[in-house]
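Here are my notes on the model you sent round. Please read them with the structure open.

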Amino acid sequence: MASLVLLFSERGMSLAAVAGLFAAHSLTVAVLELPTGGLSDVLGRRPVLAMAGALNVVAFALVGLGTTAWVLTAGMVLMGAARALASGTAEAWYVDTVQAHSGPGAELRTGLARGGSATSAALAAGILLGGALPWLLGLGPDLGARLSEATSGAVLPLSVPVLLGAAVRIVFVCYVLTVLREPPRPAATPRSVLRGVPVTVLGGLRLGGRDALVRRVLLTAAAVGSALAVVELLMPGRTAALTGATGSGAMAYAALSCAGFVCGGVGSHLAPLAARVAGSGERAVLVCLGGCAGGMLLLGVTASTTHLLATTLAVVGFCLFHLGIGAASPNENELLHRRVPSAQRATALSVQSLAQQLVGALTGLAVGVLPPGPLPWLLTGAVLFSGALLWLRRAGVRSTPVTTTT
């Protein structure tokens, strides 16, 4: 993640082209989210996670080695397909396993919060390493330049973190196939998959249309997706402009993102406390998303200057944004899992991810043509604040899942 935008720039892609590549990823996720969520609910969590990992191996290799627009596009499309397969599947596996062990009333928020903290810690470590590698390869004897020369430009220093990501995905696939176990489910046949996936997808869509709380979760995911698209697309360029070079810019962005993910992990860890202090999970989401919007406001008002005070405020805003997302997500998802049955759990999470990815893709395309400066930050901050306001009124929280008829 630390080097991806800068890698595309080094391959000769303009900001609009980079936005198009990320849009190809997001739109692929959007198209496949519901079918793959239904596939996970019908076929099982383990095979779907393994397929996601295998596709990511190929995708990361294409992105790391590709030198033309069509190869990079193919890599981003495959990465989007893998993201769609994995979206919500691991979390659905966790909730299924806990409820199989402790019953449908098992406490979920703490486990979801710890999972969010673990994910944020891994992202922090990974993005720090991914940003440091290109910088380290440029030091001393300049191994990066030698590597690029030896491969005729196919492998740049900025490519190395992406190729390392492909190797990590191979380990992931082996782990899923050898270690992961899931509660028993009816054996799937090709006929049951073809018949069951559309039924499950339609049931998941009905949930969003019939249940007010699920609808709030989906609209909130869309608002967060809009803000994330702006942060991921524009922050690497801001750090590179601050440092004056792409290599040091990647390192600076990695350090900043590491801090952001640490804040996200802290926020996830504090999610149960936030619910207790606020009085409910819903009020916790309201407060946390309000903090996210405040972080975007700080990023917006400092977008046109690089002096020390503005940079400090931008870092504070970036960390506040991630802290709020980390604290809001477990509370949102705990409410969501109380609403949906196991047979539609991955599908519901896919609908949530679909809302985030689709709006993120559209926002990324819009940002690519908007004038640089505060405008993109302030617009998406307003959208995020509107998402927070959705949680002002409480929806009656039922402990039993909503079932849909087909």
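**Notes on the predicted model**

1. Disulfides come first. The count is zero. Bear in mind that this is a predicted model.

2. Cys319 is the cysteine to check. The nearest cysteine sulfur belongs to Cys263 and is 3.8 Å away. A disulfide needs the two sulfur atoms within 2.5 Å, so Cys319 is in no disulfide. Cys319 is also buried, at 16% relative accessibility. Cys174 has another setting: its relative accessibility is 44%, and that counts as partly exposed.

3. Next, the charged pairs. How many salt bridges does the structure hold? There are four. As general background, side chains of opposite charge can pair when their charged atoms come close.

4. Take Arg45 and Asp96. Their closest N and O atoms are 2.7 Å apart, and the two form a salt bridge. Arg45 sits in helix α3 and Asp96 in helix α5, so the bridge ties together parts that are 51 residues apart in sequence. Are these two residues buried or exposed? Arg45 is buried, with a relative accessible area of 1%. Asp96 is buried too, at 10% relative accessibility.

5. Arg216 and Glu282 form a salt bridge as well, with 3.9 Å between the closest N and O atoms. The cut-off is 4 Å. This pair links distant parts of the chain, 66 residues apart: Arg216 is in helix α10 and Glu282 in helix α13 (residues 281–301). Both residues are buried.

6. Glu334 and Arg338 meet through their side chains in a salt bridge, 2.9 Å from N to O. Both lie in helix α14, four residues apart, which is about one turn of the helix. Glu334 is buried, with a relative accessible area of 9%. Arg338 counts as buried at 15% relative accessibility. The pair does not stand alone: Arg109, Glu334 and Arg338 are linked in a network of salt bridges.

7. Helix α5 deserves its own paragraph. The helix covers residues 89–102, 14 residues in total. From first C-alpha to last it reaches 20 Å, close to the 20 Å expected at 1.5 Å a residue. Gly103 follows α5, and its phi is positive, near 95°.

8. Which residues of α5 are buried? They are Thr89, Ala92, Val95, Asp96, Val98 and Gln99. Asp96 is thus on this list and also the salt-bridge partner of Arg45. The cover over these buried residues includes α2 (15–43), α3 (45–65), α4 (69–86), α6 (109–137), α14 (308–339) and α15 (345–369).

9. Now the nonpolar packing. In soluble globular proteins, nonpolar side chains tend to be buried together. Here the largest nonpolar core has 52 residues, and Phe8, Met296 and Leu384 touch the most other members. Helix α10 (residues 212–243) gives the largest share of this core, 12 residues.

10. What does Leu384 touch, leaving aside residues up to four places away in sequence? The contacts are Ala223, Val224, Ala227, Leu289, Cys292, Ala293, Met296 and Phe321. Met296 appears there, and Met296 is itself among the members with the most contacts in the core.

11. A second core is separate from the largest one and has 12 residues. Among its members are Ala30, Leu218, Leu336 and Leu354.

Conventions
Residues are numbered from 1 along each chain as its sequence is written. This is a predicted model: local features need pLDDT of at least 70, side-chain atom pairs count only at pLDDT 80 or more; totals for chains, interfaces and linings use all residues. Side-chain values use heavy atoms; hydrogens and water are left out. Helices (H or I, at least four residues) and strands (E, at least two) are DSSP runs, numbered from the N terminus. The expected span of a helix is 1.5 Å times one less than its number of residues. Buried means under 20% relative accessible area, exposed over 50%, partly exposed in between (1.4 Å probe, protein chains only). Contact means heavy atoms within 4.5 Å. A nonpolar core is a set of buried Ala, Val, Leu, Ile, Met, Phe, Trp, Tyr and Cys residues joined through side-chain atoms within 4.5 Å.
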